[in-house]
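Please open the structure in your viewer and keep the selection tool at hand. The tour below goes from one stop to the next, saying at each what to select and what is there.

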Amino acid sequence: MPAEDARWLAAAAALAERARPLARPNPGVGAVVVKNGVVAGRGWTRPGGRPHAEAAALAMAGEKARGGTLYVTLEPCAHRSERGPACADLATAAGLARVVVGMADPDPRTGGAGITRLREAGIEVAEAGRDAAGLGLAGHEAALTLGRPHVTLKLALSLDGCIAAANGESKWITGEAARNHVHRERARADAILVGGETLRADAPRLDVRLPGLETRAPERWVLTRGAAPEGWRALAAPKDLAAMGNVRYLFVEGGAGAAAAFLHADLVDRLLIYRAPIVIGGGRPGVGDIGLSSLVEAHGRWVREDTRTFGPDTLEIHRRTR
């Protein structure tokens with residue numbers, strides 16, 4: 001992919017992050033209209049799913065879109081709806097010369113038909129590939145191809161892999177900056193889940209305590225075969241993820257039992273490991289048994305995508321290879 005295309009598609013992917021989680025169950029899409037190297041319009045999927053990102057970007061661009069390029073993280077929709085026109089038709093009517101698509105839409109209502117319609121209208125279409133679309137479409141893809149949410153597992157660990165002291169004390173393993181990043185991750189999720197033991201021992205709030213994002217607290221779920229307390233919903237087992245309905249992004253936050261259950265079921269797509277420069281010794285391990293019989297099985301499963309620092313703490317972001 002040409003560097004210029006990569007640059008503008010990355011900008012569209014950044015815009016798409018604004019759509020999470022408010023656009024659900026629609027995918028959070030980002031779009032940028034560029035003409036002569038200048039942004040003419042931009043947009044992202046609005047709350048409730050409409051207007052779509054392309055519609056917003058093309059409306060902002062107006063006549064400036066004619067002869068320009070639309071960069072969009074997801075293939076423009078081809079199906080017509082009572083809530084709005086098909087974005088492939090809007091792009092055609094705008095007189096665009098070119099469209100760069102991050103990912104073809106796995107939704108069977110579009111499923112390549114949007115790209116076909118654009119090409120039939122004489123518009124050049126380039127497909128960049130799913131990785132260029134960013135994390136903003138991972139939940140949409142998982143829902144339509146796997147029938148479940150995209151799952152992120154978060155672990156806050158000491159250098160020796162503990163999530164708490166031997167007596168259960170766990171506040172706080174990491175510092176304030178790292179915890180603020182966790183709240184940012186919560187704000188991007190549709191639902192957040194902890195194990196039953198964690199709920200009983202810690203009574204966590206699982207809210208978002210960042211200025212301006214307090215209303216973004218995700219649905220609270222607990223991993224239990226029993227009834228969930230008021231304000232919570234119960235998930236009996238990781239294999240029952242499909243029962244979470246319109247949840248597209250699930251954030252699993254604790255504790256060791258819940259982490260092990262999701263890893264054992266091989267249902268973790270993204271792993272966030274926050275590590276503090278402390279050694280606890282004899283503390284509670286961060287993950288229980290995940291069913292591996294040899295070290296050979298442990299290798300080749302995870303790819304590190306990013307490493308960040310938050311004061312004295314570090315964050316490693318890993319993606320499951322499949």
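How many cavities of 30 Å³ or more does the structure hold? In this predicted model, there are 2 cavities of that volume, and both are visited below, after a stop at a sheet.

**First stop: a sheet and a helix**

Begin by selecting strand S2 (38-44) and strand S5 (124-127), which are the edge strands of an open sheet and each of which pairs on one side only. If you then fill in what lies between them, you will have the 5 strands of this sheet, whose order is S2-S1-S3-S4-S5 and whose pairing is mixed. As you pass from one strand to the next, the twist averages 15 degrees.

Now narrow the selection to strand S1 (residues 30-35) and strand S3 (residues 69-74), which run antiparallel and are joined by 4 bridges. To look at a single pair of bridge partners here, pick Val 33 and then go across to Leu 70 in S3.

Keep the strands displayed and add helix H2, residues 53-61, which lies across S1, S2 and S3. The direction of H2 is at about 145 degrees to that of S2.

**Second stop: the largest cavity**

Next, select Asn 26, Pro 27, Gly 28, Arg 248 and Tyr 249, which, of the 15 residues that line the largest cavity, are the closest to its centre. The volume of this largest cavity is about 100 Å³. If you color the model by domain, with domain 1 as 3-139 and domain 2 as 148-320, you can see that each of them contributes at least three residues to the lining of the largest cavity. Coloring by residue class instead shows a lining of 6 nonpolar, 5 polar and 4 charged residues.

**Third stop: the second largest cavity**

Which residues line the second largest cavity? Select Arg 20, Leu 135, His 150, Thr 152, Glu 185, Arg 188, Ala 189, Tyr 249, Leu 250, Phe 251 and Arg 270, and you have its lining, which surrounds a volume of about 70 Å³. Two or more residues of this lining come from each of strand S6 (150-157) and strand S11 (249-254), and it is S11 that gives the largest share, with 3 residues. By class, the lining of the second largest cavity is made up of 5 nonpolar, 2 polar and 4 charged residues.

Before leaving, select Tyr 249 once again, since this residue is listed among those closest to the centre of the largest cavity and also lines the second largest cavity.

Notes: Residues numbered from 1 in each chain as written. Predicted model: local features only at pLDDT ≥ 70, side-chain atom pairs only at ≥ 80, totals over all residues. Heavy atoms only, no water. Pairing = 2+ DSSP bridges. Axes fitted to C-alpha atoms, helices over the stretch in contact; angles between N-to-C directions. Contact = heavy atoms within 4.5 Å. 1 Å grid on protein atoms, 1.4 Å probe; cavity = no way out; pocket = protein on both sides within 12 Å on 5 of 7 lines; lining within 4 Å. Points joined across faces, edges and corners; volume = space filled by probe spheres on them. Nonpolar A, V, L, I, M, F, W, Y, C, P; charged D, E, K, R; others polar. Domains from an automatic or database assignment.
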